[in-house]
Amino acid sequence: QAVLAQGCPLRCSSFERAAMSSGKYGKAADEAKKYAESHDLERLITQMVNYIVLEKPAEPEARMVRWLMETCTPEQLSRVEKLNAGLRIGSELPEKPGWRARMTEDRSRDAYERYKAVLEGRDPSGGGEEEAPAPAFA
C-alpha cells in the first residue's frame, strides 16, 4: 500500500491527513520553518547555489563547503575546526574576473526590499506608502 510523505496511507481521508499534519508533523514543520527563518537559511542557500552556478567549479560540493566557511565569523570557524578535525581554509583560490564585485554586492533582505520598491514605483527608503514618481524614459 502506498504511503504519503507524512506516513498516511493513500486511502486516508483528507480529514485524516489534515489531522496528522496538524499533529506532531505540523509542529515539527513549524519548528523547522521557524529555525530556517531565524537563521535566514533560504537566502544563505540561495546565495550559495547562485555562486556555484555562476562559477561552475569542477567540484561543486567542495566549493560549497568553502563558500560556507568563507561566510562564517572567526568564532564560528574556530568551532568548525574543533568539531571537524581541523577543517580550515588553507590557501586562497584563484580569482575569476568579476568574482570580488559579485561577492561584495549588498544582497541583504533590505536591499531586495529596496529593489522591489523601485520596481513597484514606491519610495525605496521606506519613508511612507506614497508612490515615488515613475521613472522617465527617453
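The exercises below work through a predicted model of a single chain, each with a solution in steps.

**Exercise 1. Describe the secondary structure of the chain and say how far the confidence values support it in its various parts.**

Step 1. Begin with the elements themselves: the chain comes to seven helices and zero strands, and reading along the sequence gives the pattern α-α-α-α-α-α-α.

Step 2. Turn next to confidence, for which the chain averages a pLDDT of 74, with 62% of the residues scoring at least 70. Over residues 1-6 the pLDDT falls below 50, although this stretch still has 12 contacts in the model beyond its near neighbours in sequence.

Step 3. Among the elements of the chain, helix H1 (residues 14-22) has the lowest confidence, with a mean of 57, whereas H3 has the highest, at 92.

**Exercise 2. Work out how the residues of the chain are divided between interior and surface, and how much of the contact total comes from residues distant in sequence.**

Step 1. Of the 138 residues in the chain, 12% are buried, a class that takes in residues with under 20% relative accessible area.

Step 2. The accessible surface of the chain amounts to about 11200 Å², and carbon and sulfur atoms contribute 56% of that area.

Step 3. When contacts with a separation of 6 or more are considered, 26% of them join residues that lie 24 or more positions apart.

**Exercise 3. Compare Ile52 with Val49, and decide for each whether the residue is buried or partly exposed.**

Step 1. Locate the two residues: Ile52 lies in helix H3, which spans residues 41-55, and Val49 is also found in helix H3.

Step 2. Apply the cut-off to Ile52, which counts as buried because its relative accessibility is 11% and the limit for that class is under 20%.

Step 3. List what surrounds Ile52: leaving aside residues up to four places away in sequence, Ile52 touches Pro57, Pro60, Arg63 and Met64. For one of these partners, Arg63, the C-alpha atom is 7.5 Å from that of Ile52, with the two residues 11 apart along the chain.

Step 4. Apply the same reasoning to Val49, whose relative accessible area of 38% makes this residue partly exposed. Together with Ile45 and Val53, Val49 forms a nonpolar patch on the surface, and the three residues share about 230 Å² of accessible area.

**Exercise 4. How many salt bridges does the structure hold, and which residues form them?**

Step 1. The structure holds three salt bridges, and each can be taken in turn with the accessibility of its two partners.

Step 2. In one pair, the side chains of Arg43 and Asp40 meet with an N to O distance of 2.7 Å. Arg43 is partly exposed at a relative accessible area of 31%, and Asp40 is partly exposed at 33%.

Step 3. In another pair, Arg66 is bridged to Glu70, with the closest N and O atoms 3.0 Å apart. Because Arg66 and Glu70 are four residues apart in helix H4 (residues 60-71), about one helical turn separates them. Arg66 counts as buried at 13% relative accessibility, whereas Glu70 counts as partly exposed at 36%.

Step 4. In the remaining pair, Glu120 and Arg122 meet through their side chains at 2.7 Å, again from N to O. Glu120, with 44% relative accessibility, is partly exposed, and Arg122, with 28%, is likewise partly exposed.

**Exercise 5. Examine the backbone of Asp40 and Lys56, and explain why their phi values deserve a second look.**

Step 1. Start from the general expectation, which is that most residues other than glycine have a negative phi.

Step 2. Set Asp40 against it: its phi is near 50°, a positive value in a residue other than glycine. Asp40 sits in the loop between helix H2 (24-38) and H3, and the salt bridge with Arg43 is formed by the side chain of this residue.

Step 3. Do the same for Lys56, which has a positive phi of about 50° although it is not a glycine. Lys56 is found in the loop between H3 and H4.

Step 4. Finish with accessibility: Lys56 counts as exposed because its relative accessibility is 63% and the exposed class begins over 50%, while Asp40, at 33%, counts as partly exposed.

Note on methods:
Residues are numbered from 1 along each chain as its sequence is written. This is a predicted model: local features need pLDDT of at least 70, side-chain atom pairs count only at pLDDT 80 or more; totals for chains, interfaces and linings use all residues. Side-chain values use heavy atoms; hydrogens and water are left out. Buried means under 20% relative accessible area, exposed over 50%, partly exposed in between (1.4 Å probe, protein chains only). Contact means heavy atoms within 4.5 Å. A salt bridge is a side-chain nitrogen of Lys or Arg within 4 Å of a carboxyl oxygen of Asp or Glu. Accessible areas come from the Shrake-Rupley method with a 1.4 Å probe; for residues, only the protein chains shown count as cover. Patches are made of residues with over 30% relative accessible area and no salt bridge: like charges are joined within 9 Å, nonpolar side chains (Val, Leu, Ile, Met, Phe, Trp, Tyr) within 5 Å. pLDDT is the predictor's confidence in each residue, from 0 to 100.
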